[in-house]
Amino acid sequence: MEINQATFLGSFTKTEGLIAEAPVEFAFIGRSNVGKSSLINMLCKTKGLAHTSSTPGKTQCINKFLINGKWIITDLPGYGFAKISKTLRASLEIMIRNYIQHTPQMVLLFVLLDCRHPLQKIDLEFLLKLGSWQIPFALVLTKADKLSKTALQNQTDAFHETLSQYWEPLPPIFAASSKTAWGREELLEYMESVLEENG
Ligand code: GTP
Ligand code: MG
């Protein structure tokens, strides 16, 4: 599959009352600064489509992009960013939860994890919640360019081992670099297979 067209649809703070613009939607979530918006730009081959920043907490709304005129990619705010007010953090958490629980056309949630760190408590808690809400998800280990091939393989093995204590079978686990576009084709192929299943 190739992405030939990516159009910004809008920035939303709540999902209630939102008309589904397309029948199928993929969303991207993960800790603040993990590389969600960058990954979306990499997949769409469009710099600046989703706004990125080296400062955590950049994305604070639900941003939707129409892909190839047919389906949607949604960029979500990150969770777990400590340096914002409690009120803002709570409202972002509610926004994220409402979106996840009330967007039936969201057929898959990509949960991004930084490949350089072991699975964090906050990520595990989030993944367990997805399990209890029965949300289909896949994992993407981000910033793969920051590790050597061997180190990345070791980290991937460690993620498999940790996650297999909780999931059988394991969810799909990908690795990608938004800097080098490594992993792009594999992700797009997988998305294509999900689109076909939800055809
Ligand atoms: P929030 O919206 O704040 O939650 O962050 P985000 O998860 O959308 O992260 P964003 O894409 O804004 O990227 C955060 C920082 O990580 C930026 O400085 C990016 O340039 C950098 N970054 C993202 N992906 C990669 C990657 O694959 N490799 C490298 N080297 N840097 C990356
Ligand atoms: Mg972002």
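P169 sits in the loop between α4 (149-163) and β7 (173-175); helices (H or I, at least four residues) and strands (E, at least two) are DSSP runs, numbered from the N terminus. The peptide bond that joins E168 and P169 is cis, with omega at about 0 degrees. Before we go on, a word on the model: it is predicted, so to speak of local features takes a pLDDT of at least 70 and side-chain atom pairs count only at pLDDT 80 or more, while totals for chains, interfaces and linings use all residues. Residues are numbered from 1 along each chain as its sequence is written, chains are lettered from A and ligands numbered from 1 in the order in which they are written, and side-chain values use heavy atoms, with hydrogens and water left out.

Another loop, the one between β6 (137-142) and α4, holds K143. Phi of K143 is near 60 degrees, a positive value in a residue other than glycine.

K143 also leads us to ligand 1. An N or O atom in the side chain of K143 is 3.0 Å from an oxygen atom of ligand 1, a polar contact (a pair of N or O atoms within 3.5 Å). Two more such contacts are worth finding: a polar backbone atom of G35 is 2.9 Å from an oxygen atom of the ligand, and a nitrogen atom of ligand 1 has a polar side-chain atom of D145 at 2.7 Å. On its own, ligand 1 has 660 Å² of accessible area, and the protein covers 87% of it; such areas come from the Shrake-Rupley method with a 1.4 Å probe.

Around ligand 1 there are 21 residues, and K36, S38, K58, D145 and S178 come nearest; to be near, a residue needs a heavy atom within 4 Å. This shell has two nonpolar, 13 polar and six charged residues, with Gly counted as polar, Pro as nonpolar and Lys as charged, for example.

The space taken by ligand 1 is the largest pocket, meaning that more than half of the ligand's atoms lie within 2 Å of the pocket's grid points. A pocket is an open set of points on a 1 Å grid over the protein atoms alone, where a 1.4 Å probe fits, with protein on both sides within 12 Å along at least five of seven lines; its lining residues have an atom within 4 Å of a point. The volume of the largest pocket is about 460 Å³, counted as the space filled by probe spheres set on the points. Of its 24 lining residues, N33, G35, S38, S53 and K143 are the closest to the centre.

Notes. Polar contact = N/O pair within 3.5 Å; in protein donor to acceptor, adjacent residues only side chain to side chain.
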